[in-house]
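Got your viewer open and a cursor ready? Let's take a short walk, one selection at a time.

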Amino acid sequence: QMEDECGRFPPEPSEGNSQRGSVASSVTRAQDVLVYLVGDSAVHLCMEGVGCVSVQELGRCVREALQIPDLAMDAFAFWLCSPLLELQLKPKHQPYKLCRQWQDLLYRFTEASEDDISQDEPCLQYRRNVFYPRSKELQIKKEEVLRLLYDEARVNILAGRFPCDPETWMGLGALCEIKAFPHQGSHCFRKLLSFLPAHVLGGSGGLFSTLRGKGVRNAGLEHSLLEEYQKISISGNTPAERTTQLLLQYLSACHSLPYYGCAFFSGEIDKPSQGILHRAGLKAVNVGISLEGVYVMDIKEKHVLLGLRFSELSWDHSYPEGEGDSHILWLEFDGEEAGTPVNKLLKIYSKQAELMSGLIELCVELRSLADGGAATGTDGELVSPSDQPAGQAGGGDRGRGGRRGRLHRQSSVVCSRVQSLNTISYVDNGKEIKRLKPKRAASFFTRQTQPPTYTAVQVAESLEQR
């Protein structure tokens with residue numbers, strides 16, 4: 001399954017002609033190939049017949065070079081990445097051939113201009129497999145593998161792709177600090193702030209804040225980082241043991257974020273009408289999809305707008321009906337309107353809606369193979385159901401179709417903000433709201449994650465009478 005996201009991944013450095021071109025030409029003789037890791041390094045391979053090499057063949061060479069054990073052989077996958085698009089490749093894919101089709105893929109799955117598309121060039125990257133379950137990742141103790149996972153998680157934290165609360169990113173920054181400065185007293189203050197997300201350092205408040213408050217704010221952040229650094233205890237008899245423990249602590253904290261391991265897609269949603277003129281518009285969002293569920297995140301504000309497990313949603317993908325229309329991913333979930341339980345619909349406009357729908361369907365199929373939500377198999381059928389979805393801090397589990405509990409800790413960026421979404425309450429024939437009785441009956445969509453087992457729905461009074 002191909003996954004993608006528009007333009008949020010840091011570009012690799014280049015000198016003169018891009019080294020990424022090593023994957024973009026094919027000869028019969030032995031040829032150098034660079035496989036990039038998440039970070040500043042790459043694996044240098046020399047292979048024959050690059051134009052016909054499959055991902056499966058390439059994987060054996062990379063795993064050998066990186067000393068990845070059999071236990072973690074499925075933890076990583078190959079991706080074609082550029083600032084415009086990211087695609088996870090299947091084992092049968094041939095990277096060279098996909099590189100030659102790159103512009104066609106950009107036209108199909110992005111809104112990029114012709115000039116940007118003509119200049120874009122992908123690199124081949126080795127990173128976490130979106131289908132690898134967290135339960136298996138928790139079994140990994142080998143430092144070489146943990147370093148790769150750590151590097152990727154750190155990039156996602158710093159780039160704001162994984163929204164998290166101040167206590168989380170400060171604690172993670174302190175762990176990065178320990179990794180960079182293992183001996184207390186050797187801190188380089190100029191580099192301390194590089195351990196925090198970029199949007200945190202940007203701050204807010206306009207020009208006045210920039211001119212007068214940035215220095216004070218940064219000094220406060222540095223002081224807080226040092227305090228967190230002093231609180232962390234890393235034990236171990238050898239430097240290698242301490243490093244492994246540090247990497248495990250960092251990854252453990254990232255596992256608490258519901259969207260860890262997601263593939264990300266770009267899209268837009270409707271803004272609620274505001275002001276006297278009821279002006280609306282579109283809000284840019286990232287849509288994260290994993291074996292856990294679907295998460296819609298505000299790109300600008302760096303917080304979760306909606307987090308749903310697959311057992312809590314129905315979905316569909318619609319194609320444009322006319323010129324100027326968009327591909328739409330529809331998400332349906334339980335909600336309330338004036339105290340009345342209703343089915344709500346969220347429209348996500350995106351050229352990548354087809355990819356998102358396909359990934360959701362595949363994840364649902366994988367989940368259905370798991371017994372009681374436990375993860376087995378090599379493609380990642382999911383972790384245990386004990387992980388709480390975003391927006392349901394505290395409280396018990398909620399079965400499909402049941403009433404959603406009250407949202408807690410709304411100040412947390414991890415919790416859903418359903419009240420800020422411009423959703424559609426399910427309307428039958430344009431007149432009536434379908435109410436729940438007390439569980440959801442037929443879905444707006446014919447496709448559901450499970451066969452419907454609910455009682456018949458009771459139709460409410462006409463909207464004209466409300």
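Below is a tour with a few stops, starting with strands, moving on to a pair of helices and ending in some loops. Keep in mind along the way that this is a predicted model.

**Stop one: three strands**

Select residues 263–270, which make up strand β6, together with residues 282–289, which are strand β7. These two pair in the antiparallel sense, over 8 bridges. To see how they line up, click on F264: across from it, in β7, stands G288.

Now add residues 293–298, strand β8. Strand β7 pairs with β8 as well, again in the antiparallel sense, this time over 5 bridges. Which residue of β8 stands opposite N286? Look for M297. Then follow the chain from β7 into β8: the two form a hairpin, with 3 residues between them.

**Stop two: two helices**

Hide the strands and select helix α7 (residues 166–180) and helix α11 (residues 239–255). Packed helices like these are a matter of two numbers: the angle between the axes and the distance between them. Here the axes come within 10 Å and cross at roughly 160 degrees. Angles over 145 degrees count as roughly antiparallel, so that is how α7 sits relative to α11. The crossing itself is left-handed.

Turn on side chains to see who meets whom. From α7 come L172, L175, C176, I178 and K179, and from α11 come L246, L247, Q249, Y250, A253 and C254. Sorted by class, this contact has 9 nonpolar residues, 1 polar and 1 charged.

**Stop three: H327**

Next, jump to H327, in the loop between β10 (314–318) and β11 (328–337). Is H327 buried or exposed? With 18% relative accessibility, H327 counts as buried, because the cut-off for buried is under 20%.

Show the surroundings of H327 and you'll find plenty to click on. Leaving aside residues up to four places away in sequence, H327 touches H317, S318, Y319, P320, I348, Y349, S350, K351 and A353. Try a distance label from H327 to A353: they are 26 residues apart in sequence, yet 6.0 Å apart in space, C-alpha to C-alpha.

**Stop four: two positive phi angles**

Finish with a pair of backbone details. Select Q67, in the loop between α1 (55–66) and β3 (76–81). Its phi is near 60 degrees, a positive value in a residue other than glycine.

Then go to K302, in the loop between β8 and β9 (303–309). K302 is not a glycine either, and has a positive phi of about 60 degrees. At 18% relative accessibility, K302 counts as buried.

Definitions and conventions. Residues are numbered from 1 along each chain as its sequence is written. This is a predicted model: local features need pLDDT of at least 70, side-chain atom pairs count only at pLDDT 80 or more; totals for chains, interfaces and linings use all residues. Side-chain values use heavy atoms; hydrogens and water are left out. Two strands pair if DSSP finds at least two bridges between them. Helices (H or I, at least four residues) and strands (E, at least two) are DSSP runs, numbered from the N terminus. Axes are lines fitted to C-alpha atoms, for helices over the stretch in contact, and angles run from 0 to 180 degrees between N-to-C directions. Angles under 35 degrees count as roughly parallel, over 145 as roughly antiparallel, 65 to 115 as roughly perpendicular and the rest as oblique. A crossing is left-handed if the near helix is turned anticlockwise from the far one by less than a right angle, and right-handed if clockwise. Contact means heavy atoms within 4.5 Å. Ala, Val, Leu, Ile, Met, Phe, Trp, Tyr, Cys and Pro count as nonpolar, Asp, Glu, Lys and Arg as charged, and the others, Gly among them, as polar. Buried means under 20% relative accessible area, exposed over 50%, partly exposed in between (1.4 Å probe, protein chains only).
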